[in-house]
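Visitor: Hi! I have a new structure to look at. Could you walk me through it?

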Amino acid sequence: MSRAIAHPNIALVKYWGKAETASNIPAVPSLSVTLDTFISETEVTAAKTDSVVLDGRVATDSKITDFLATVRAKHELPPLRIDSRNNFPTAAGLASSASGFAALVLALNAEFDLGWDDVAIADWARIGSGSAPRSLFGPMAQINGPDWIAKPVDATAMPELAVVVAITSKTRKTTSSSAGMAASKSTSPYFEPWVATAEADMNAARQAIAAGNFDALATVAEHSCMKMHALMLSTRPSLRYWNPTTLACLDAASEMQQDGLRVFCTVDAGPQLKAICTEDVAGAVAARLESIDGVLDVHVLGLGPGARVVA
Ligand code: 2P0
């Protein structure tokens with residue numbers, strides 16, 4: 001049996017849309033922070049038949065089944081059991097597929113001696129899920145062309161950061177990210193400008209991080225997030241992932257910014273609000289978000305390490 005753990009990541013420069021689906025090549029570069037505390041832990045063992053157990057329950061997961069079929073086209077794998085657990089709410093916009101696939105790829109490589117080097121691991125993680133290779137690294141990671149192999153980002157110039165996650169719904173989302181991305185590409189008039197402007201956002205974010213400039217990173221991250229949601233909203237049928245509480249949290253964050261707090265927000269394909277702030281104001285940001293009607297839970301996290309095989 002081999003076991004690996006990985007942490008979810010939150011994109012500051014967003015990935016939405018694919019250039020190519022067979023190898024899951026993103027249409028845009030992306031950059032993320034890796035969380036601490038939240039963990040996906042995945043065990044892989046040879047077995048009599050294939051099975052997938054997610055959070056203690058036998059599951060049918062087409063993303064995992066499709067991924068195993070792709071791996072088996074290149075490598076001999078026996079029937080196997082995958083047992084994966086998350087210590088955080090799944091399918092609620094907290095990217096469990098990213099940490100799950102990062103851990104799965106490491107565990108498969110360890111258990112069946114697949115001989116994957118770092119590049120192959122990043123390649124296979126991306127084939128599993130476009131955001132997964134970013135969870136291979138901490139505290140920040142990026143994925144961009146032309147190779148689309150994820151790499152760590154040097155964040156040593158940045159102040160100590162925290163991520164405050166406000167949970168505003170525990171309902172499973174109805175449109176998967178893969179389906180949503182395909183719909184945006186084929187129906188939104190904003191897809192082309194989204195792709196055309198992504199590289200500039202990526203460069204601005206990398207410059208801000210290299211210079212340790214929180215305010216510049218905040219500006220580009222909020223812009224990337226809002227452009228992604230404009231793209232989602234302009235998809236037919238419209239992809240609307242926010243609820244009224246998400247919007248109330250965004251308003252509260254704007255007020256905190258006006259009060260001088262170093263904080264900015266991002267929202268993914270779900271209604272949870274992620275506030276990125278300097279670590280010294282995390283308590284104040286959490287208290288403000290907790291006071292909002294409709295906020296169910298608030299988690300205060302730091303930035304975490306990359307994925308690893310564990311004994
Ligand atoms: C991100 N998201 O950059 C963006 C922001 C959601 C919104 O990556 O189809 O599950 O497996 O490549 O990685 C979620 O999409 O999509 C995602 P696939 P994935 O974090």
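**Two domains and a ligand**

Guide: Happy to! The domain assignment, which is automatic or from a database, splits the protein into domain 1 (2-154) and domain 2 (161-302). This is a predicted model, where local features need pLDDT of at least 70, side-chain atom pairs count only at pLDDT 80 or more, and totals for chains, interfaces and linings use all residues. Residues are numbered from 1 along each chain as its sequence is written, and side-chain values use heavy atoms, leaving out hydrogens and water.

Visitor: What separates the centres of domain 1 and domain 2, in Å?

Guide: The centres, taken over C-alpha atoms, are 22 Å apart. Contact, meaning heavy atoms within 4.5 Å, takes in 34 residues from domain 1 and 45 residues from domain 2.

Visitor: And how much area is buried between domain 1 and domain 2?

Guide: About 3,000 Å², with carbon and sulfur atoms giving 71% of that. Buried area here is the accessible area (1.4 Å probe) that two parts lose on being put together, summed over both. On the domain 1 side, Leu12, Lys14 and Trp16 supply 29% of the area buried against domain 2, more than any other three residues.

Visitor: How many salt bridges cross that interface?

Guide: The rule finds 1 between domain 1 and domain 2, while the structure holds 12 salt bridges. The rule asks for a side-chain nitrogen of Lys or Arg within 4 Å of a carboxyl oxygen of Asp or Glu.

Visitor: Which residue does Lys14 pair with in a salt bridge?

Guide: Asp268, with 2.5 Å from N to O. The two sit in distant parts of the chain, 254 residues apart: Lys14 is in the loop between strand 2 and strand 3, and Asp268 is in the loop between strand 13 (263-266) and strand 14 (273-278). Strands are DSSP runs (E, at least two residues), numbered from the N terminus.

Visitor: New topic, the ligand. Which residues come nearest?

Guide: Of the 18 residues around the ligand, Tyr15, Lys18, Gly130, Ser131 and Ser178 come nearest. A residue counts as near if one of its heavy atoms lies within 4 Å.

Visitor: Where does Lys63 come in?

Guide: An N or O atom in the Lys63 side chain is 2.6 Å from an oxygen atom of the ligand.

Visitor: What about Gly130 and Arg134?

Guide: Gly130 has a polar backbone atom 2.6 Å from a ligand oxygen. For Arg134, an N or O atom in the side chain lies 2.8 Å from an oxygen atom of the ligand.

Technical notes:
A polar contact is a pair of N or O atoms within 3.5 Å; within protein, one must be able to donate a hydrogen and the other to accept it, and residues adjacent in sequence count only if both atoms are side-chain atoms. Helices (H or I, at least four residues) and strands (E, at least two) are DSSP runs, numbered from the N terminus.
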